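Good morning, colleagues, and thank you for making time for this presentation. Please look at the sequence and the structure as they appear, and I will then take you through them.

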Amino acid sequence: MMGIWLPWLIDGLVLLSLLIMTVVIFGLFRMPDIYTQLHAASKAVVLGVIAMLLSIALLADTTITVRAILIGGFILLTTPVSAHAIGRAAYLQREPMRGPDSLDETGRLTHGGSDAEELD
């Protein structure tokens with residue numbers, strides 16, 4: 001019985017993945033600053049790529065399924081770390097927050113603040 005619905009489920013996961021990644025691409029162009037763009041990009045990786053890997057895992061044999069699971073785990077571990085590193089680098093370079101409701105509670109990006117060495 002699962003064999004009848006499996007191709008539909010896989011196709012649905014691929015379409016969901018493509019839809020998420022397409023919406024995120026449009027979001028990247030519409031986001032005002034690097035901090036919100038990072039948020040959108042990391043959501044694309046986590047939601048879009050993991051849905052694609054899940055469809056691959058459902059379709060393939062056990063060796064490819066294990067590889068897809070390992071790739072998904074690696075992505076889940078590295079995406080937040082890389083987004084944090086890029087966000088921190090932007091912060092240390094004093095990249096301003098440009099959104100209408102942006103709030104920098106440290107005051108370093110909007111009021112001059114101290115040098116980048118002191119931000120560490």
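I begin with one residue, Ser42, which counts as buried because its relative accessibility is 18%, and the cut-off for that class is under 20%. Ser42 is found in helix α2. Leaving aside residues up to four places away in sequence, Ser42 touches Thr79 and Ala83. Both Thr79 and Ala83 are among the buried residues of α3.

Before going further, I should say that what you see is a predicted model. The average pLDDT of the protein is 82, and 87% of the residues score at least 70. One stretch, residues 111-118, has a pLDDT below 50; in the model this stretch has 10 contacts beyond near neighbours in sequence.

Let me now give the overall arrangement. The protein has 3 helices and 0 strands, and from the N terminus on its elements run α-α-α. Of its 120 residues, 27% count as buried. The protein exposes about 8,500 Å², and carbon and sulfur atoms supply 71% of that area. If we take the contacts between residues at least 6 apart in sequence, 59% of them join residues at least 24 apart.

I return to α2, which covers residues 34-59. This helix has 26 residues, and its first and last C-alpha atoms are 37 Å apart, close to the 38 Å expected at 1.5 Å a residue. Which residues of α2 are buried? They are Leu38, Ala40, Ser42, Ala44, Gly48, Ala51, Leu53, Ser55 and Ala57.

For α1, which spans residues 2-30, I will mention one position, Gly27. Gly27 counts as buried because its relative accessibility is 15%. The C-alpha atoms of Gly27 and Ala41 are separated by 8.8 Å, with these positions 14 residues apart along the chain counted as their separation.

The next helix is α3, residues 62-92. How does its length compare with the expected span? The 31 residues of α3 should span 45 Å at 1.5 Å a residue, and its end C-alpha atoms are 45 Å apart, so the two values agree. Even so, α3 bends by about 30° at Thr78, and a proline, Pro80, follows within four residues.

The buried residues of α3 are Thr65, Ala68, Gly72, Ile75, Thr79, Ala83, Gly87, Ala90, Tyr91 and Leu92. What covers them? The cover includes α2, and the contacts of Ser42 with Thr79 and Ala83 have already shown us two points where α2 and α3 touch.

Two further residues of α3 deserve a closer look. The place of Thr65 is in this helix, and Thr65 is classed as buried because its relative accessible area is 18%. Not counting residues up to four places away in sequence, Thr65 touches Ala57 and Ala60. Of these, Ala57 is one of the buried residues of α2.

Tyr91 also lies in α3. Tyr91 is buried, since its relative accessible area is 16%. Its C-alpha atom and that of Ile34 are separated by 9.5 Å, although the two residues are 57 apart along the chain.

Finally, I turn to the segment after α3, where Arg94 has its place. What is unusual about the backbone here? Most residues other than glycine have a negative phi. Arg94 is not a glycine, yet its phi is positive, at about 60°. Is Arg94 buried, partly exposed or exposed? Arg94 is partly exposed, because its relative accessible area is 26%, and that class lies between the limits of 20% and 50%.

To close, I would recall two places in the model. Within α3, the bend of about 30° is at Thr78; following α3, Arg94 has the positive phi, near 60°. Thank you for your attention.

Key. Residues are numbered from 1 along each chain as its sequence is written. This is a predicted model: local features need pLDDT of at least 70, side-chain atom pairs count only at pLDDT 80 or more; totals for chains, interfaces and linings use all residues. Side-chain values use heavy atoms; hydrogens and water are left out. Buried means under 20% relative accessible area, exposed over 50%, partly exposed in between (1.4 Å probe, protein chains only). The expected span of a helix is 1.5 Å times one less than its number of residues. The bend at a residue is the angle between axes fitted to the seven residues ending there and the seven starting there. Contact means heavy atoms within 4.5 Å. pLDDT is the predictor's confidence in each residue, from 0 to 100. Accessible areas come from the Shrake-Rupley method with a 1.4 Å probe; for residues, only the protein chains shown count as cover.
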